[in-house]
Amino acid sequence: MSLVIDYDDGTYSYQDYWRGRVYEHRAELLALRSLLQPRHTGWMADLGCGFGRLTPAYLDQGRPVVFVDYSLKLLGQAMDRCGPPVEGRQYVAANLNYLPFRPASITTALLIRVMHHLPSYDRVLREVSRVAQDEWIIDIPQKRHARAQLRGLSRGQWRTLREPAPINLSRQPPAIFLNYQADVIVHRLAQLDWSVRRMLSVSNLRSAWLKDHVSADRLVALEGYLQPRLASIRFGPNLWYALSRGFSTRQPDWDNLIACPQCLGQLQLLDSANIVCATCGHRFSYHNGIWDLRWPRPRLPG
Ligand SMILES: C[S@@+](CC[C@H](N)C(=O)[O-])C[C@H]1O[C@@H](n2cnc3c(N)ncnc32)[C@H](O)[C@@H]1O
Ligand SMILES: [Zn+2]
């Protein structure tokens, strides 16, 4: 199954979701800044980038960045924040199950707050492993964090929390909002040749009471102290991993990075708005600064 969550639904605003979540947002910027390695210089791919919320953590590194999301609306918002496309800044609408990139063309992959939404998460882990070469920062929402265990004890859900399968916390199934057994995912990532360089426990102080009584500045300062220290006991709801697989200085130019999401063939621009794959003949488009390389092709409205 490779259904994709629809953030283009007219009634939902992901930017609104973040209003009032200053502590969580700053806790994540902190984690990302501390996990990224400045020595890397090649392409960074923010996979499931949303509206570019996390860009303050990495845009000043001056690296080429490709923003990837299924949602055209969110990519447009990312462009409003980060500026129009230029040589080293590109916007791509794509399905993470079929990434339109050549093997080992991305130096650093980010996958933050996306695992919740992946019914076929193993397929996405394999796709990211195919395209990313050196470094991958992944946030794994875990089902056995400290508060969930306490809650689980009182509700008799101890066994569910210990099972290897993800748990669906969506209040509206069949919609999904998955939390994982982090060790199971890390084991899978090791099979895909990734090793854990560092790990952080994130959003350790997420509590309505604390947010009402302690300033965001103080919470974030304490969070920074706790993130590395609580990682080994897997305390927080989100475990962030810096994975590595080597180091290269490869930095393909844009034309040698993108490829047909269906067959990985060479893409050719027919004119300013139309693209065709030289191998399989499927057509794609370029609109308002966004390469629309979603596969399978979304049905047009109406
Ligand atoms: C919760 S948002 C996170 C956005 C951003 N990473 C952040 O932390 O603010 C999840 C994002 O993943 C994207 N997404 C989910 N499944 C996807 C898929 N299969 N292919 C491409 N994008 C996907 C959604 O469109 C959405 O923008
Ligand atoms: Zn093709």
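**Reading a predicted fold: a short dialogue**

Guide: The largest nonpolar core has 69 residues, and those with the most contacts inside it are A45, L47, F67, V92, A109, L111 and V128. This is a predicted model, in which local features need pLDDT of at least 70, side-chain atom pairs count only at pLDDT 80 or more, and totals for chains, interfaces and linings use all residues. Residues are numbered from 1 along each chain as its sequence is written, while chains are lettered from A and ligands numbered from 1 in the order in which they are written.

Visitor: What is a nonpolar core?

Guide: A nonpolar core is a set of buried Ala, Val, Leu, Ile, Met, Phe, Trp, Tyr and Cys residues joined through C-beta atoms within 7 Å. Buried means 20 or more other C-beta atoms within 10 Å of the residue's own, exposed means 12 or fewer, and partly exposed lies in between, with C-beta atoms placed from the backbone.

Visitor: Which residues does A45 touch, not counting those up to four places away in sequence?

Guide: Contact requires C-beta atoms, placed from the backbone, within 7 Å. A45 touches V66, V68, I106, A109 and L110 on that count.

Visitor: How many residues of strand β3 are buried?

Guide: Strands are DSSP runs of E with at least two residues, helices are runs of H or I with at least four, and both are numbered from the N terminus. In β3 (residues 89-93), four of the five residues are buried.

Visitor: Which strands pair with β3?

Guide: Pairing needs at least two DSSP bridges between two strands. Strand β2 (residues 65-69) pairs with β3 in the parallel sense over five bridges, and F67 stands opposite Y91 in β3. From β2 the chain passes through helix α3 (residues 72-82) to β3 in a right-handed β-α-β crossover. Right-handed means that, with the strands pointing away from the viewer, the path from the first strand over the helix to the second runs clockwise. Strand β13 (residues 290-292) also pairs with β3 in the parallel sense, over three bridges, and A93 stands opposite D292 in β13.

Visitor: Where is the cis peptide bond with omega about 15 degrees?

Guide: That bond joins P173 and P174, and P174 lies in the loop between β6 (167-168) and β7 (178-179). The bond from W295 to P296 is cis too, with omega near -5 degrees.

Visitor: Is R113 buried or partly exposed?

Guide: R113 counts as partly exposed because 15 C-beta neighbours lie inside 10 Å. Its phi is near 60 degrees, a positive value in a residue other than glycine.

Definitions and conventions. Two residues are in contact if their C-beta atoms, placed from the backbone, lie within 7 Å.
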